[in-house]
Amino acid sequence: MRGAVLNSIEDARLVIRDDVAVVGPGADEVLIGIRAAGVCHSDLSARTGGLPLPMPGILGHEASGEVVAVGDGVTDLAPGDHVIASWLPPCGTCAPCRHGQPYLCFTHMVASYASPRFLVGGAPAYGMAGCGAFAEQMVVPRSGAVKIAADVPFEIAALVGCGVMTGVGAVINTARIEPGSTVAVVGCGGVGISAIQGARLAGAAAIVAVDINEAKRELARRFGATHAVHPDGLAALGREITGGDGVDYAFEVVGLPQTIRAAWKAARRGGTVVIVGAGRADQTVEFTPSELLFDGKRLLPSLYGSADVRRDYHRLLDLWRAGRLDLAGMITQRVTLEQVNEALDALGQGDVIRQVIDFG
Ligand code: APR
Ligand code: ZN
Ligand code: ZN
């Protein structure tokens, strides 16, 4: 089958090959025929080395498709079922799983980085984050495939698998903002626009879209932003619309030290700063001991929207069906697998929100 393979960080390009094969499905695994895959910034971060990936690697982790085959022990999925893939499938037994935090379960992801799920030209290759959706098929653990209704378009379902879950979940699961809250969202890509939509759903009174790209700031208004500003103007605008205090909730959806600091500064004393962006492990962010205590701000990490995907994918699709979550409007480009490098290059540029690879 065809797949987009990253051989080394130095290459900085994925190579489209037609000699890619899956390993499995083994017991408790599911073989998915990919029908649509979103291009998320984490894929770009993996291509540049900002997020870890064993090589050779198949990127792609925001996907939907059809079950092709199931391994031994899988009794509740069958070939032909439509599914969304989750890149953080819960194992059910680790400490976070036992504490009701399935979005922190790394068991299967770690396993996927130790045992290759693909062969490229007969040699072992690894899937990104337990997935590898930039290929015609991939194998995931049973808990990494969530069945959905067959009438949901594959490209809509794909978005739910990462960006929408991450952004909306940050607002409704992690922060649980109150109606009437004032909100700032720093970074208005697919994940940030989803956070803006989540804030609108949750009844925010003011939603400030913050981005260095003017086109993105304007687009954000279509999805519920009430104000839009360049990062340099955030602190002043935040004070202006809150009578001098700063916003109740600031969401950081880029993954850089300076945007984390910008979100921190935008939040009012006693407000909440939510870290959504997936930053590098070799950068640091500075906080003084004094501000950490005396400003009274809460710093909340939000991995994968603090999701329980078995519950939340359906919640998001129900909101989409009810016309309260605009997912079609987030798909700004459709591309082929052969165009994946250009799609990654285009992230953050122009009016790109989400580009979806259509596998037909
Ligand atoms: N200040 C404000 N906005 C910025 C800055 C900055 N310094 N740098 C980049 N941006 C904006 C870009 O202009 C773009 O609109 O952030 C947005 C990022 O959007 P995408 O590249 O589409 O990324 P997305 O897929 O939304 O992911 C955002 O969430 O899940 C994580 O790994 C992901 O860290 C990434 C983040
Ligand atoms: Zn993603
Ligand atoms: Zn677990």
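This report describes the metal site, the ligand pocket, the salt bridges and selected nonpolar residues of a predicted model.

**The zinc site**

Three residues coordinate the zinc ion (ligand 2): Cys40 through SG, His61 through NE2 and Cys162 through SG, at 2.0 to 2.3 Å. Along the sequence, these donor residues follow the spacing C-x20-H-x100-C. Histidine 61 belongs to the loop between β5 (57–58) and β6 (63–70), whereas cysteine 162 belongs to helix α4 (residues 154–175), so this pair ties together parts that lie 101 residues apart in sequence. Histidine 61 has a relative accessible area of 2% and is therefore buried. Cysteine 162 is also buried, with a relative accessible area of 4%.

**The surroundings of ligand 1**

Ligand 1 is surrounded by 21 residues, of which the closest are His41, Ser42, Asp211, Lys216 and Arg354. From the side chain of histidine 41, a polar atom lies 2.6 Å from an oxygen atom of ligand 1. The backbone contributes as well: a polar backbone atom of valine 191 is 2.9 Å from an oxygen atom of ligand 1, and a backbone N or O atom of alanine 278 lies 2.9 Å from an oxygen atom of the ligand. On its own, ligand 1 has 740 Å² of accessible area, and the protein covers 92% of this. Two or more residues of the shell around ligand 1 come from each of the elements α1 (41–48) and α5 (190–201).

**Salt bridges**

Side chains of opposite charge can pair when their charged atoms come close. The structure holds 19 salt bridges; three of the pairs are set out below.

| Pair | N to O distance | Accessibility of the residues |
|---|---|---|
| Glutamate 29 and arginine 117 | 3.9 Å | Both buried |
| Arginine 280 and aspartate 282 | 2.8 Å | Arginine 280 at 37%, partly exposed; aspartate 282 at 55%, exposed |
| Aspartate 312 and arginine 315 | 2.8 Å | Aspartate 312 at 2%, buried; arginine 315 at 34%, partly exposed |

The salt bridge between glutamate 29 and arginine 117 links distant parts of the chain, with glutamate 29 in strand β4 and arginine 117 in the loop between α3 (107–114) and β8 (118–120), 88 residues apart. Glutamate 29 and arginine 117 are both buried.

Which element holds aspartate 312 and arginine 315? Both residues are in helix α10, and because they are three residues apart there, about one helical turn separates them. Within this pair, aspartate 312 is buried, with a relative accessible area of 2%, while arginine 315 is partly exposed at 34%. Elsewhere, Arg2, Glu136 and Glu338 are joined into one network by salt bridges that share partners.

In the pair formed by arginine 280 and aspartate 282, the accessibility values place the two residues in separate classes. Arginine 280 counts as partly exposed because its relative accessibility is 37%, and aspartate 282 counts as exposed because its value is 55%.

**Nonpolar residues, buried and at the surface**

Strand β4 (residues 29–38) also contains isoleucine 32. Is isoleucine 32 buried or exposed? With 1% relative accessibility, isoleucine 32 counts as buried. Its C-alpha atom is 4.6 Å from that of valine 67, although the two residues are 35 apart in sequence.

Leucine 325 is found in the loop between α10 and β18 (331–335). A relative accessible area of 3% makes leucine 325 buried. Between leucine 325 and isoleucine 16 there are 34 Å in space, C-alpha to C-alpha, and a separation of 309 residues in sequence.

At the surface, Leu104, Phe106, Val110 and Leu303 make a nonpolar patch of about 320 Å². One of these residues, leucine 303, is located in the loop between β17 (298–301) and α10 (309–321). Leucine 303 is partly exposed, its relative accessible area being 30%.

How values were computed. Residues are numbered from 1 along each chain as its sequence is written. Chains are lettered from A and ligands numbered from 1 in the order in which they are written. This is a predicted model: local features need pLDDT of at least 70, side-chain atom pairs count only at pLDDT 80 or more; totals for chains, interfaces and linings use all residues. Side-chain values use heavy atoms; hydrogens and water are left out. Patches are made of residues with over 30% relative accessible area and no salt bridge: like charges are joined within 9 Å, nonpolar side chains (Val, Leu, Ile, Met, Phe, Trp, Tyr) within 5 Å. Accessible areas come from the Shrake-Rupley method with a 1.4 Å probe; for residues, only the protein chains shown count as cover. A salt bridge is a side-chain nitrogen of Lys or Arg within 4 Å of a carboxyl oxygen of Asp or Glu. Helices (H or I, at least four residues) and strands (E, at least two) are DSSP runs, numbered from the N terminus. Buried means under 20% relative accessible area, exposed over 50%, partly exposed in between (1.4 Å probe, protein chains only). Donors are N, O and S atoms within 2.8 Å of the metal (3.2 Å for Na, K and Ca); water is not among the atoms, so sites may look incomplete. A residue is near a molecule or strand if one of its heavy atoms lies within 4 Å of it. A polar contact is a pair of N or O atoms within 3.5 Å; within protein, one must be able to donate a hydrogen and the other to accept it, and residues adjacent in sequence count only if both atoms are side-chain atoms.
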